[in-house]
Amino acid sequence: MLFVYVNPTRQAHKPSAFNNMHFRNSMKQLLATIVLLIISIFQIVNAQNNLFIPPLLSGKNFNLNVQNGTANWVAGQTTPTYGVNGNFLAPTIELWKGDQVALTVHNKINAPTTMHWHGMHVPSMDDGGPHSIIYPNQSWTAAFKVMNPAATCWYHPHGAHTTDLQVSKGLAGMIIVRDSQELALNLPRKYGIDDFPIILQTKAFDVLYQAAISTELDTLVMVNGTPRATLNIPAQMVRFRLLNGSSNRTFYVGLSTGDSMTVIGTDNGLLNHLYKCTRIMISNGERVEMILDASNKQGQSIQLMCYGSEIPKGIKGADSIGTGMASIMDYDLNPLNGADYTLLNLTVTAPTPGAILSIPNNLASDIPFLAVNATVHRDLVFTPIDSMPATMVMGPFHINDTSYNEMHINDTVYLNTTETWSIVNRTMIAHPFHVHDMHFYVHSINQNTTIPIDYQGRKDVVLVMPGDSLTFVTKFEDFADPMVPYMYHCHLLHHEDDGMMGSFVVLDTTMHMGIGDQLMQEGILFPNPCHDYLSLKHSLKNTDQIHCWNILGEEIPLEKINPTTLNTASLKEGIYILQINQLRYKFVKSN
Ligand code: C2O
Ligand code: CU
Ligand code: CU
C-alpha cells in the first residue's frame, strides 16, 4: 500500500516530486546509470597508489593554513578540494601531555570555517565549535595545555550546517597525543615506519566531479585521501591508528587472512588491557588503535578489509537500511553497501632495525567514572522530525524534540559533576553520538551493564543502535565558561548539519559567572526573559562599568534608559551575559 504523506515543511528541503512514485522510479534508473558510469570511470584508474602519509607536525606552536586545492580522483578530471597546508587532508599534529600549545588556523578559503579538536579536553573557547567562526582571511588561535593522556584524536571544521561539505572536501587531520606513560611501554611509535595514521573515508561526486554531500552514493573508498591505497609494512608489530573520517559510513574492519588484530586503544586513550578480535566496528568519528602482528609474514600481501556484508541492518554501510517507503533509494544503489571491499593493500617487507616483536598486555591505568557517583541524569532522545517514511531513515532528526539553534543553550552542566546520560534512539537507523569536552564510559545498553569489550574504555563517540537506550557516565572537569558552549551531536555529518546537535555550557558555582543563574532567580535582573527593557534591582552609579556579550562572545552595546533600566529593544532573541563591574549575570531576550 502506498501512503504518500506530504509534509509542507519538508517540501522546503526536498522537491515535492520526491514523493511521486513515477518520478522516484525514473530517478532510480537515472541514478543507477550514473552509478554504473562512475564505477566504470573509477575502474579505468584502478592502479594501486602508495598510501599518502600526512606530514607530522611537532612542537608547541602550529600554523595551519586552510586552503584550496585539487585532486585527481577520477581519471582526467580535477576535483576542487580543501586541505590544511596542502591539497587535501591535514598534517598529523603531535602533542605532548603537559605542554602549553598554540594552534593558529589561517582561513585562506572563501568561506567561513572553524576548527575543532575532536577528543581534546580543552576550554570551550578553544574547542573550535560553531561559535568560533574564522572568516576568510582571518586567523584564530586555540591555546591550551594538553591534558589528554596518550590518544589518537583528530581535527576538522565544525561550522553550523557546513561541516559535511568542508570535511568532504578534505578538511580532516589526525592528532597524536603522547605522554610519558605510553612512552614507557614497548609499543610501535615510529610515525610512518611502524605507527601509521589510517584515515578511512568514502567520497561521493556530482556529475561535475565536485565532492558531493547529502547523498548515499559515496562510492570511492580512500585511506588518507588515497584511493586503492597500498602500503609496505615491516615484518613486525605494526600500529594502525584507525579513524573513521567519513561523512556517512561505518566500517567493519578485518584482515583478509582471517588473523586476529590486537586492540590497544579506543577514542580517548589506551585501554588498561589489550584484547584480540577479528572484526572492529568503527563508526563516524571513532578511533581504534590496533596492532597487526606481521612478524611471520614477510613477502605476503594482506588486505585490510571492510566486511560490509556483516554489518547489522540499521547501520550506514549495511546491505539495506529501513524498509519499504522508509528506504533510501540511492542507498540501495551504492555497491559498497553490504559488500566486502578492500580498504588498504598491505605488503610485508623486511623488519626494521629495533623492530618491536611483542607488546605488553597491560597498557594504561585509567580509572573510569562510576555511575554511583553520578548526581545528575539526563535523557537525550533521538526522533525523526516527522513521521514521513523517508524521514524515519534520512532525517532530519531531533534531539529532545529540538534542532540545533546557535542562540540557545540546551543543557547546563556544573563543574566537577559526575553525570549519567541515556541516549535513547527512537529512529530506524544507528547514530554515532559524540560529546565535546569530556570522555565517557559506557555503563549500560538497554539496562544491561555487561558491556561488550569494544564499548569499553575512554570513549567520546558511541554508536547507538535503533531502538536502543545506551547510558554512559561522564564527569565535567576543569573548564567552566558561561558564554561559549560545547556541543553534543550525531557524527553522521549530514545529521549534524541538519540540526541533530545540542549545546551545553559548564558553569562553576564558585565563580561569579555561575552565580548569575541564581541571581537571575532572585530578581536582580527582571523581567527575565526580557523584552524591550531590563530592570536592575540596584541602581547603577555613573562610575559603574557595564558590558554585555551575546553567546558568540561579541560585545553588544547596551544603552541606559535610567539608573535602573537598560534598553534591550534592539537585541536579537538569545542568551546574554551582562557584566556590572566584576559581577556577571545571565539574561534571556525573547520576542
Ligand atoms: Cu568530531 Cu563535534 O565533532
Ligand atoms: Cu568533538
Ligand atoms: Cu544521526
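Colleague: In this predicted model, which residue stands opposite leucine 57 in E5?

Modeller: Leucine 57 has isoleucine 93 opposite it in E5.

Colleague: What makes E2 and E5 a pair of strands?

Modeller: Strand E2 (residues 56-57) and E5 run parallel and are joined by 2 bridges. Pairing asks for at least two bridges, so E2 and E5 qualify.

Colleague: And what joins E5 to E10?

Modeller: There are 4 bridges between E5 and strand E10 (residues 173-178), again in the parallel sense. One of the partnerships is leucine 95 with valine 177 in E10. As for cover, 4 of the 5 residues of strand E5 (residues 92-96) are buried.

Colleague: Let's move on to E26. Why is this strand called mostly covered?

Modeller: Strand E26 (residues 418-425) has 8 of its 8 residues buried. Thr418, Thr420, Ser422 and Val424 point one way, Glu419, Trp421, Ile423 and Asn425 the other way, and all are buried.

Colleague: Why do the side chains take turns like that?

Modeller: Because side chains in a regular strand alternate between the two faces of the sheet.

Colleague: Which strands pair with E26, and in which sense?

Modeller: Strand E23 (residues 376-384) pairs with E26 in the parallel sense over 7 bridges. Strand E30 (residues 469-475) pairs with E26 in the antiparallel sense, over 7 bridges. Serine 422 is a handy residue to look at: aspartate 379 is its bridge partner on one pairing, and threonine 471 in E30 is its partner on the other.

Colleague: Now the metals. How do you know that His431, Cys490 and His495 are donors of the copper ion (ligand 3)?

Modeller: The atoms His431 ND1, Cys490 SG and His495 ND1 lie 2.0 to 2.1 Å from the copper ion. The cut-off for a donor here is 2.8 Å, so these atoms count. Along the chain, the donors follow the spacing H-x58-C-x4-H. Histidine 431 in strand E27 (residues 431-435) and histidine 495 in helix H7 (residues 493-497) are 64 residues apart.

Colleague: Why are those two histidines called buried?

Modeller: Buried means under 20% relative accessible area. Histidine 431 has 0%, so it is buried, and histidine 495, at 1%, therefore counts as buried too.

Colleague: What coordinates the copper ion (ligand 2)?

Modeller: His116 and His434, each through NE2, coordinate that copper ion at 1.9 Å. Histidine 116 in strand E7 (residues 116-118) and histidine 434 in strand E27 are 318 residues apart.

Colleague: Are histidine 116 and histidine 434 buried or exposed?

Modeller: Histidine 116 has a relative accessible area of 1%, so it is buried. Histidine 434 has 0%, so it is buried as well.

Technical notes: Residues are numbered from 1 along each chain as its sequence is written. Chains are lettered from A and ligands numbered from 1 in the order in which they are written. This is a predicted model: local features need pLDDT of at least 70, side-chain atom pairs count only at pLDDT 80 or more; totals for chains, interfaces and linings use all residues. Side-chain values use heavy atoms; hydrogens and water are left out. Buried means under 20% relative accessible area, exposed over 50%, partly exposed in between (1.4 Å probe, protein chains only). Donors are N, O and S atoms within 2.8 Å of the metal (3.2 Å for Na, K and Ca); water is not among the atoms, so sites may look incomplete.
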